[in-house]
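Let's take a friendly walk through this structure, beginning with a single residue and working outward from there. Keep the 3D view open as you read.

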Protein chains: 2
Amino acid sequence: MSIARLTDAERAEALAALPVWHLREDGLAIVRKLKFADFNAAFGFMTRVAIQADKVDHHPEWFNVYNRVEITLTTHDASGLSRRDVEMARFIDAIAPQA
Amino acid sequence: MSIARLTDAERAEALAALPVWHLREDGLAIVRKLKFADFNAAFGFMTRVAIQADKVDHHPEWFNVYNRVEITLTTHDASGLSRRDVEMARFIDAIAPQA
């Protein structure tokens, strides 16, 4: 099933509700950087995201070094942001450590 | 305990024994790209590397999107490559799928 790209208005509304995420320069993805106590905490977090991502078949692009994780969410099938990115961002925010 | 940076001769010898890795342009790190059947396989592999990395306290820099993983190994304490990178590369090669 194909998935619709958010309209500009929908994207603005979604971003307003995700204050710790920023829009990538090209406007096609959202990005969040996280910092953890150590590698164990960072990879433990990544594992929770991985399980959820495979469950809903929507996978992040992400980079990790030691206690830092940078996550990029986009929907290739929609050539931009879709509600699936918003839902994944909400999941990540819910399990991320408080800043 | 500090760890020594490989000499040029040691580095050349190590790289010759790690044919699927390439030296980063600055000469301070080695890089390998891997491709898996799917995200489950890719993240399963990453989990094995993560457990080993934390055990030996030598962590990769890595990027993942769906079934692709790119790993960079370097030793910050040595400002370049050390035997710890070579050992981690060998571990990764041993559990990586055959190309």
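Start at Asn64(B), which you will find in strand β3 of chain B. Bear in mind as you look that this is a predicted model. Is Asn64(B) buried or exposed? Asn64(B) is buried because its relative accessible area is 0%, and the cut-off for calling a residue buried is under 20%.

What does this covered side chain touch? Across the chain boundary, the side chain of Asn64(B) makes a polar contact with the side chain of Trp62(A), at 2.7 Å. Within its own chain, a polar atom of the Asn64(B) side chain lies 3.0 Å from the backbone oxygen of Arg68(B). If you set aside the neighbours within four places in sequence, Asn64(B) is in contact with Pro60(A), Glu61(A) and Trp62(A) from one chain, and with Phe39(B), Ala42(B), Met46(B) and Val69(B) from the other.

Now look at the strands themselves. β3(A) and β3(B), the latter covering residues 61-65, pair in the antiparallel sense over five bridges. Take Asn64(A) as an example: its bridge partner in β3(B) is Trp62(B). As a rule to keep in mind while viewing such pairs, side chains in a regular strand alternate between the two faces of the sheet. β3(A) is mostly covered, with four of its five residues buried.

From β3(A), you can move to β4(A), which spans residues 68-73; these strands run antiparallel and are joined by five bridges. Here Glu61(A) stands opposite Thr72(A). The two strands form a hairpin with two residues between them, and Tyr66(A) in the turn has a positive phi of about 50 degrees. β4(A) is also joined to β2(A), residues 30-35, by six bridges, again in an antiparallel arrangement. In that pairing, Lys35(A) stands opposite Arg68(A).

Put these pieces together and you can trace an open sheet of eight strands, with antiparallel pairing, in the order β1(A)-β2(A)-β4(A)-β3(A)-β3(B)-β4(B)-β2(B)-β1(B). At its edges are β1 (22-23) of chain A and β1 (22-23) of chain B, each of which pairs on one side only.

Finally, step back to the contact between the chains. How many residues does each chain bring to it? Chain A gives 15 residues and chain B gives 15 residues. Between them the chains bury about 1400 Å², with 70% of that area on carbon and sulfur atoms. Phe39(A), Phe43(A) and Trp62(A) supply 36% of the area that chain A buries against chain B, more than any other three residues.

On the side of chain A that touches chain B, α2 (39-56) and β3 (61-65) each supply at least two residues. The largest share, seven residues, comes from α2(A). By type, the residues on this side divide into nine nonpolar, four polar and two charged. As for polar links, there are zero salt bridges between chain A and chain B, while two residue pairs are in polar contact, counting those with both residues at pLDDT 80 or more. That brings you back to where the tour began, with the side chains of Asn64(B) and Trp62(A) in polar contact across the two chains.

Notes:
Residues are numbered from 1 along each chain as its sequence is written. Chains are lettered from A and ligands numbered from 1 in the order in which they are written. Side-chain values use heavy atoms; hydrogens and water are left out. Contact means heavy atoms within 4.5 Å. Buried area is the accessible area (1.4 Å probe) that two parts lose on being put together, summed over both. A salt bridge is a side-chain nitrogen of Lys or Arg within 4 Å of a carboxyl oxygen of Asp or Glu. A polar contact is a pair of N or O atoms within 3.5 Å; within protein, one must be able to donate a hydrogen and the other to accept it, and residues adjacent in sequence count only if both atoms are side-chain atoms. Ala, Val, Leu, Ile, Met, Phe, Trp, Tyr, Cys and Pro count as nonpolar, Asp, Glu, Lys and Arg as charged, and the others, Gly among them, as polar. Two strands pair if DSSP finds at least two bridges between them. Buried means under 20% relative accessible area, exposed over 50%, partly exposed in between (1.4 Å probe, protein chains only).
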